[in-house]
Amino acid sequence: MSSRTARARAVLCALVAGALALAGCARGAGRTGPSGSPAPTSTASQASPGSAPDPAYDLTRPGRARQVIGFLRHASGDRPVLRIEVTAAAANLTYLTEDDKAETIGYANGAISHLDSTIKYIDQARFDPDDFAFDDVAALFETAAEVSGSNQDQDLQINEYDHGNVLMTVTTTPESSTVFFRDDGSVINELDLTRAADIAEALADTVQNSPQVLSVTIKADALSVRVRTDEATVEERTRRAGLPTIVSTIKNSDKNPSFDSSLISPETIARLIAQTAGQGGRSPAPDVTVTINVESGRTEPLMRFQAGGTEIVTDMSGAVQEK
């Protein structure tokens, strides 16, 4: 173990032990913690790596995960953070060392230890934990259980998902499904891209802060937006119905015109999807593909709704255009 790691462990052990001791004193001798076990007392100040486990320090209680991650950041020397993991009883933080390696330190049972990191640094996004709303881990776990149908051995993680996009996730063991959260703690929902509210969510996740877009394509299972990032590059952002947005980069120097993304009305799109699918009386209704762009020779965008042999072309207000 390096001397830097040893010093980090010593600092964090003292900080965590002090915090646990204060928590115990505040509750008073003889009281019990939320699980019924004796509350932490001043004996926690003797905690060190390898010592007997402290009474449970429930990291799902409001503020506690934030507190412990703060200790771990301090112990890392406030190095750039690559990954955070929190369970009800433990927390790990992976950070980037001065020599560009990933190191992990963890807290469990009142003790701090250096862990063998399974993470290799391959230019993952660095992030500030203060930008993520994990102050109430219990609330995130409750939401994840409602979405996934499981609350067994829940594990909160914050790390890069795709192309610099850092997300929070909650998983269970054995894994049922991964539930994704935005940095503000809102859940990334499973979408039905025929509904106005779900189309609006997918647009918010893909358009983001881009006032001008080149095109929007909506299918049953995904919504994609193309945005020009420079003269030779287009960025395609795709939000699949059950997954967060992923980004791909396309080399493209065409002079295709863009249009104002605020012109897009999810309510109008949802109404016309239903109208297109319902034409011909087919059951079940066919999937509808929507394409929005500025076509050659025009200055304003059009929307095309296609299902099987049916096609409806409208302006952005939904007025049907003559062919």
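Biologist: Where does tyrosine 161 lie, and is tyrosine 161 buried or exposed, or something in between?

Modeller: In this predicted model, tyrosine 161 belongs to strand S5, which covers residues 155-162. Partly exposed means a relative accessible area between 20% and 50%, and tyrosine 161 is placed in that class because its value is 31%. Together with Leu243 and Ile246, Tyr161 forms a nonpolar patch on the surface, and the three have about 220 Å² of accessible area together.

Biologist: How does valine 225 read on that scale, buried or exposed?

Modeller: Valine 225, which is found in strand S10 (residues 222-230), counts as buried because its relative accessibility is 0%, and the cut-off for buried is under 20%. Its C-alpha atom is separated by 7.1 Å from that of valine 213, although the two residues are 12 apart along the chain.

Biologist: How many salt bridges does a search of the whole structure find, and which residue pairs with aspartate 128?

Modeller: Side chains of opposite charge can pair when their charged atoms come close. The search finds 15 salt bridges in the whole structure, and in one of them aspartate 128 pairs with arginine 73, with 3.3 Å between the closest N and O atoms. Aspartate 128 sits in the loop between strand S4 (111-115) and H3, while arginine 73 is in helix H2 (residues 64-75), so the pair ties together parts that are 55 residues apart in sequence. Aspartate 128 is partly exposed at 29%, and arginine 73 is partly exposed at 21%. Both also take part in a network of salt bridges that links Arg66, Arg73, Asp128, Asp130 and Asp135.

Biologist: What is the distance between the closest N and O atoms of arginine 304 and glutamate 295?

Modeller: Those atoms are 2.6 Å apart in the salt bridge of arginine 304 with glutamate 295. Arginine 304 counts as partly exposed at 24% relative accessibility, and glutamate 295 is partly exposed with a relative accessible area of 22%.

Biologist: How much space lies in the largest pocket, and which residues are the closest to its centre?

Modeller: The largest pocket holds about 430 Å³ of space, and of the 19 residues that line this pocket, Asn165, Val166, Leu167, Asp205 and Gln208 are the closest to its centre. Its lining divides into six nonpolar, five polar and eight charged residues, and strands S6 (165-171), S11 (233-240) and S12 (245-251) each supply at least two of the lining residues.

Technical notes: Residues are numbered from 1 along each chain as its sequence is written. This is a predicted model: local features need pLDDT of at least 70, side-chain atom pairs count only at pLDDT 80 or more; totals for chains, interfaces and linings use all residues. Side-chain values use heavy atoms; hydrogens and water are left out. On a 1 Å grid over the protein atoms alone, a cavity is a set of points where a 1.4 Å probe fits but cannot get out, and a pocket is an open set with protein on both sides within 12 Å along at least five of seven lines; lining residues have an atom within 4 Å of a point. Grid points are joined across faces, edges and corners, and a volume is the space filled by probe spheres set on the points. Helices (H or I, at least four residues) and strands (E, at least two) are DSSP runs, numbered from the N terminus. Ala, Val, Leu, Ile, Met, Phe, Trp, Tyr, Cys and Pro count as nonpolar, Asp, Glu, Lys and Arg as charged, and the others, Gly among them, as polar. Patches are made of residues with over 30% relative accessible area and no salt bridge: like charges are joined within 9 Å, nonpolar side chains (Val, Leu, Ile, Met, Phe, Trp, Tyr) within 5 Å. Accessible areas come from the Shrake-Rupley method with a 1.4 Å probe; for residues, only the protein chains shown count as cover. A salt bridge is a side-chain nitrogen of Lys or Arg within 4 Å of a carboxyl oxygen of Asp or Glu. Buried means under 20% relative accessible area, exposed over 50%, partly exposed in between (1.4 Å probe, protein chains only).
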